[in-house]
Amino acid sequence: MTIRLRDVHFTYAAGTPWARPVLKGIDLEVPAGECLGILGGNGSGKTTLVRHMNGLLLPQRGTVQVGEITLTPKTKSSRLLSGETGLVFQFPEKQLFAETVYDDIAFGLEFAGSPAGEIPGRVEEALRQVGLDPGTYGRRSPFSLNWGEKRQVAIAGVLVLDTPRLVFDEPGAGLDPAGRRRITDLMRELAGRGKTVMVVSHHLDDIFRVADRLAVLGDGRVVFHGSLEELCRHDDLDRWGLEWPPLIRAVKAVAARHPGLETAVRTPREAAAVLRPLLQSAPSTPPPLGKGGLRGI
Ligand SMILES: Nc1ncnc2c1ncn2[C@@H]1O[C@H](COP(=O)(O)OP(=O)(O)OP(=O)(O)O)[C@@H](O)[C@H]1O
Ligand SMILES: [Mg+2]
């Protein structure tokens, strides 16, 4: 049930003077059960790309294959993938509309024609998955919730559909660190249960923690596709509009003096493990911080 994109092209306002080519030949494979992180600067085409993964947009050239279904420029129905890939939009809470949290989450199931008897149990399960107690939250108005809770409800509204694949477009945008952590933990849990997860984010530290592999978009193409270890061998992320997270930047600064040091660290604990052998061989009294201090490490 791999997702396979072959030579996908997409231009907004094609055929008009305002034509804006965004995807210019995307080749990408996402095996079932993988968590893929999609990176790229503003306007690099990440949202346009993920909208092809659930058929919201159809390729104008090339093909998008999701499991048994292949979308081509000639495909008539864009709803073919609606039961295949769930998409959590950028700022999904803007789409909350019902009077209660329960009704908002149940709406997608009702629309999909799920048996009425199944709905309450599935809504409650989706709420639990995002860390909200169904008894406390089910009857509340979505508009009375704080931003983080709204985001959790909006995500529950997609999880409830139980699609084998999920796309999160900037799931952490506007959330505090605890909210972002909750969502990265959720994505990891979903991938652990065998779901294919694709996540777009400008928070590279979050994405590095959850993704098995990474794809970087630049000028409408996939300019990098591989593991964090492979990405860390590139030193010029800034040409793609990106910047290393502070933890990796710190380890890279040390690696400049110690070639061969592994810089693909995802957590402070991993950074400590990489640096420990160097610290053990350093003098027991460290030099003072500031000019010249700690530079020798
Ligand atoms: N509906 C549209 N009509 C015309 N141009 C669009 C439309 N949607 C997006 N674009 C343009 O296409 C380009 C790619 O947009 P897209 O939203 O895919 O980028 P992105 O990588 O998701 O950016 P961001 O990091 O800001 O979310 C941008 O320059 C954007 O202005
Ligand atoms: Mg976007």
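This is a short tour of a predicted model of a protein chain with two ligands, one of them a magnesium ion.

**The chain as a whole**

Let's start with the big picture. The protein chain folds into 10 helices and 10 strands. Measured out along the principal axes, its C-alpha trace spans about 70 × 50 × 35 Å. There are 297 residues in the chain, and buried ones make up 48% of them.

**Helix H1, a good place to begin**

Helix H1 covers residues 46–53. Is it out in the open or enclosed? Six of its eight residues are buried, so H1 is largely enclosed by the rest of the structure. The buried ones are Lys 46, Thr 48, Leu 49, Val 50, His 52 and Met 53. Thr 47 is another resident of H1, and with a relative accessibility of 23% it counts as partly exposed. The cut-off for buried is under 20%, so Thr 47 does not make that group. Past the helix comes Gly 55, with a positive phi near 80 degrees.

**The magnesium ion**

Which residues hold the magnesium ion, ligand 2? Thr 47 does so through OG1 and Gln 90 through OE1, at 2.0 to 2.8 Å. Thr 47 belongs to H1, while Gln 90 sits in the loop between strand S6 (85–88) and helix H2 (101–111), so the pair ties together parts that are 43 residues apart in sequence. Gln 90 is partly exposed, at a relative accessible area of 36%.

**Around ligand 1**

Now for the other ligand. Ligand 1 has 13 residues around it, and the ones that come nearest are Arg 20, Gly 43, Lys 46, Thr 48 and His 202. Here are three side chains that have a polar atom close to an oxygen atom of ligand 1.

| Side chain | Distance to an oxygen atom of ligand 1 |
|---|---|
| Arg 20 | 2.6 Å |
| Lys 46 | 2.7 Å |
| Thr 47 | 2.9 Å |

On its own, ligand 1 would expose 630 Å², and the protein buries 63% of that. Two elements give two or more residues each to the shell: strand S2 (20–30) and H1. H1 gives the most, with three residues. Sorted by class, the shell holds nine polar, two charged and two nonpolar residues. Thr 47 is worth a second look here, as its side chain coordinates the magnesium ion through OG1 and also has a polar atom 2.9 Å from an oxygen atom of ligand 1.

**Strands side by side**

Strand S1 (residues 3–12) and strand S4 (residues 61–66) run antiparallel, and five bridges join them. In this pairing, Arg 6 stands opposite Thr 63 of S4. S4 also has strand S5 (residues 69–71) as an antiparallel partner, with three bridges between the two. There, Val 64 faces Leu 71 of S5. How many residues lie between the strands in the hairpin of S4 and S5? The answer is two, and Gly 67 in this hairpin takes a positive phi near 55 degrees.

**Two odd backbone angles**

Most residues other than glycine have a negative phi. Ala 13 goes the other way, with a positive phi near 55 degrees. Ala 13 is in the loop between S1 and S2, and at 40% relative accessibility this alanine counts as partly exposed. Asp 219 is not a glycine either, yet has a positive phi of about 50 degrees. Look for Asp 219 in the loop between strand S9 (213–218) and strand S10 (221–226). Is Asp 219 buried or exposed? With a relative accessible area of 53%, Asp 219 is exposed.

**One last stop**

Further along the chain is helix H9 (residues 246–255), where you'll find Pro 246. At 58% relative accessibility, Pro 246 counts as exposed. Pro 246 and Leu 204 are 42 residues apart in sequence, and their C-alpha atoms are 9.9 Å apart in space.

How values were computed:
Residues are numbered from 1 along each chain as its sequence is written. Chains are lettered from A and ligands numbered from 1 in the order in which they are written. Side-chain values use heavy atoms; hydrogens and water are left out. Two strands pair if DSSP finds at least two bridges between them. Helices (H or I, at least four residues) and strands (E, at least two) are DSSP runs, numbered from the N terminus. Donors are N, O and S atoms within 2.8 Å of the metal (3.2 Å for Na, K and Ca); water is not among the atoms, so sites may look incomplete. Buried means under 20% relative accessible area, exposed over 50%, partly exposed in between (1.4 Å probe, protein chains only). A residue is near a molecule or strand if one of its heavy atoms lies within 4 Å of it. A polar contact is a pair of N or O atoms within 3.5 Å; within protein, one must be able to donate a hydrogen and the other to accept it, and residues adjacent in sequence count only if both atoms are side-chain atoms. Accessible areas come from the Shrake-Rupley method with a 1.4 Å probe; for residues, only the protein chains shown count as cover. Ala, Val, Leu, Ile, Met, Phe, Trp, Tyr, Cys and Pro count as nonpolar, Asp, Glu, Lys and Arg as charged, and the others, Gly among them, as polar.
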